[in-house]
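Here is a short tour of one protein chain, written to be read with the model open beside it. Please keep the viewer at hand and pick out each residue as it comes up.

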Amino acid sequence: NNSILGDINDDGDVGNSIIGGTFNTIFTGGQNSIIAAFSSDISESTNTIIMGGTNNSIYNSRYAASIGGFEQVISGTSNTGLNSSEFSSIVGSRRGSIMNSRYSIVGGGNGPSMSDSEGSTMLGGESNQIKNTYSDPFIQNINISVIGGTNNTVNGGLNESIIGGRLNSIKYGLVYWGLSGNNFIGGGVANTIEGHANSVILGGSFNNIEFDYISNNAIIAGYENTITGGGFDTIVNGSGNTITGAPTLTADYGNTIIGGEQNSIVTGHSSTIIGGNNNILYASSPSDLISNSVILGGSNISGTSDNTVYVPQLNIRDVLDNEPVGTLGYDANGFVVDSNISDITGGTLNGDVLTLINNNGNNITISGFSSGGFWEEGGEGNSLYDIKGGHILTGSSRYSMIAGGENNKITSHDYSGIF
């Protein structure tokens, strides 16, 4: 039942056909297979085909195809089951290989290599790999995609993808709830996802997401940024930024660093650092989280308190002209607090004693004023100004005062003072 069309060809067992080309061979064990190529061979395989190309081979496979290309190899430890390369194809590659990988395809590229995989795809690129170097039989490459790029690698995982870039890798690892999977790297150089699930790195270089406990993390661009542990964390651009979680803290998630360099969030929950350098948010106790806190810019700022915004300086361009209801200050730790400094709401001059009326009830008494009339009321009442200084206090200007200096002016401002 064998047929040979061409010259210097050999065929093997049953139902095989060599229909063209030169130096082609179907060895013993080959059945229902076809070769039309140059110097190509099929062995221990059934229902396979090599069409075109040079030095292509299919071993221990079934329903496999090699189309065009140069030195393409499809092989399996057996021709059926997990260790076979059944239902797999290589099309138009240079030295592409599929080993022990079923339901998979390699299309084009230079030196693509796929092993121990299932339902996986490699398209274009150079020296890309899908492999499994783990001895555990439960660790497999299933539904892996590597498209374009150079020297990109997926080593163990489920539903992993790398598109473009160079030296990027996704590696198997345990996560909080099971196996790693559903990760994506798009472009960039030497980015790595290891032991995570549902995570992504887009662009940048030498970024890492590793040893996950909750997953769903992202790094977008930047250089040498790292997310370790935790989940739902994000780093956007910047350099050397890190978000670090702890396996015992399941609420350790939802943190963000945007830009800056060498900024860190350690065991945080819904906390953020924006810009700056060498800033850090961390819990004061290893068993705690720092929650809902933010650092805005600056450098060398350390934050350990929940629900707190840390800033180095605060510059407000537009200030509303509303009536204040209190005053603010800051404590020894830099926290903004109610200063408890009361407002002067008016005053009286009795002889040489000036009494300033305080809104908290603690009036201020100043003696030594002349009774010769150096003070005059202004505005709409309960306001005083020093008549020796050429001051003006007009409009409503209730509960206001000018004392000292020259040519000062308060116009229609309540509860105000110039001293």
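The report below goes through strand pairing, the nonpolar core, salt bridges and the surface. Please bear in mind throughout that this is a predicted model.

**Parallel strands**

Let us begin with strand β4, residues 34–38, which has pairing partners in β2 and β6. Strand β2 (residues 17–22) runs parallel to β4, and four bridges hold the pairing. Within that pair, G21 faces A37 of β4. Four bridges also join β4 to β6 (residues 49–54), again in the parallel sense. Here F38 has T54 of β6 opposite it.

Further along the chain is an open sheet of three strands, in the order β14-β17-β20 and with parallel pairing. The edges are taken by β14 (117–118) and β20 (157–158); each has a single partner strand, so one side of each lacks a neighbour in the sheet. Two bridges link β14 with β17, residues 141–142, in the parallel sense. If you would like a residue to look for, S117 sits opposite N141 in β17.

**An antiparallel pair**

Strand β45 (residues 353–358) offers another arrangement. Its partner is β46 (residues 364–367), and the two pair in the antiparallel sense over four bridges. T355 stands across from T365 in β46. In a regular strand, side chains alternate between the two faces of the sheet. Which residues of β45 are on the covered face, and which are on the uncovered one? L354, L356 and N358 make up the covered face, while V353, T355 and I357 make up the uncovered one.

**The nonpolar core**

The largest nonpolar core contains 36 residues, and I35 and L281 have the most contacts inside it. Looking beyond neighbours within four places in sequence, L281 is in contact with a list of residues that includes I265, V266, I273, I290, V294, I295 and Y310. The same list also includes S264, S271, T272, S293 and G303.

A buried serine is worth a visit too. S97 belongs to strand β11, and its relative accessible area is 11%, so it counts as buried. Leaving out residues up to four places away in sequence, S97 touches V73, I90, V106, P112, S113 and M114.

**Salt bridges**

The model has five salt bridges by the distance rule used here. Three of them are set out below.

| Salt bridge | Closest N to O distance |
|---|---|
| E86 and R62 | 2.6 Å |
| R102 and E86 | 3.4 Å |
| R317 and D318 | 2.6 Å |

E86 appears in two of these rows, bonded to R62 and to R102. How do these contacts relate to the sequence, and what do they tie together? E86 lies in the loop between β9 (73–75) and β10 (89–91) and R62 in the loop between β7 (57–59) and β8 (65–67), so their salt bridge ties together parts 24 residues apart in sequence. R102 is found in the loop between β11 (97–99) and β12 (105–107), so its bridge to E86 ties together parts that are 16 residues apart in sequence. R62, E86, R102 and E118 are linked in a network of salt bridges.

Are the members of this network buried or exposed? E86 has a relative accessibility of 2% and counts as buried. R102 is buried as well, at 16%, whereas R62 is partly exposed at 26%. Residues count as buried under 20% relative accessible area, and this is why R102 is classed as buried.

The pair R317 and D318 makes a contrast with E86. R317 is exposed, at 74% relative accessible area, and D318 is exposed too, at 54%.

**A nonpolar patch on the surface**

Finally, please turn to the outside of the model. Which residues make the nonpolar surface patch of about 730 Å²? The patch is formed by I258, I274, L296, V309, V311, L314, I316 and V319. One of these, V311, is located in the loop between β41 (309–310) and β42 (328–330). With a relative accessibility of 36%, V311 counts as partly exposed.

Terms used. Residues are numbered from 1 along each chain as its sequence is written. This is a predicted model: local features need pLDDT of at least 70, side-chain atom pairs count only at pLDDT 80 or more; totals for chains, interfaces and linings use all residues. Side-chain values use heavy atoms; hydrogens and water are left out. Two strands pair if DSSP finds at least two bridges between them. Patches are made of residues with over 30% relative accessible area and no salt bridge: like charges are joined within 9 Å, nonpolar side chains (Val, Leu, Ile, Met, Phe, Trp, Tyr) within 5 Å. Accessible areas come from the Shrake-Rupley method with a 1.4 Å probe; for residues, only the protein chains shown count as cover. A salt bridge is a side-chain nitrogen of Lys or Arg within 4 Å of a carboxyl oxygen of Asp or Glu. Buried means under 20% relative accessible area, exposed over 50%, partly exposed in between (1.4 Å probe, protein chains only). A nonpolar core is a set of buried Ala, Val, Leu, Ile, Met, Phe, Trp, Tyr and Cys residues joined through side-chain atoms within 4.5 Å. Contact means heavy atoms within 4.5 Å.
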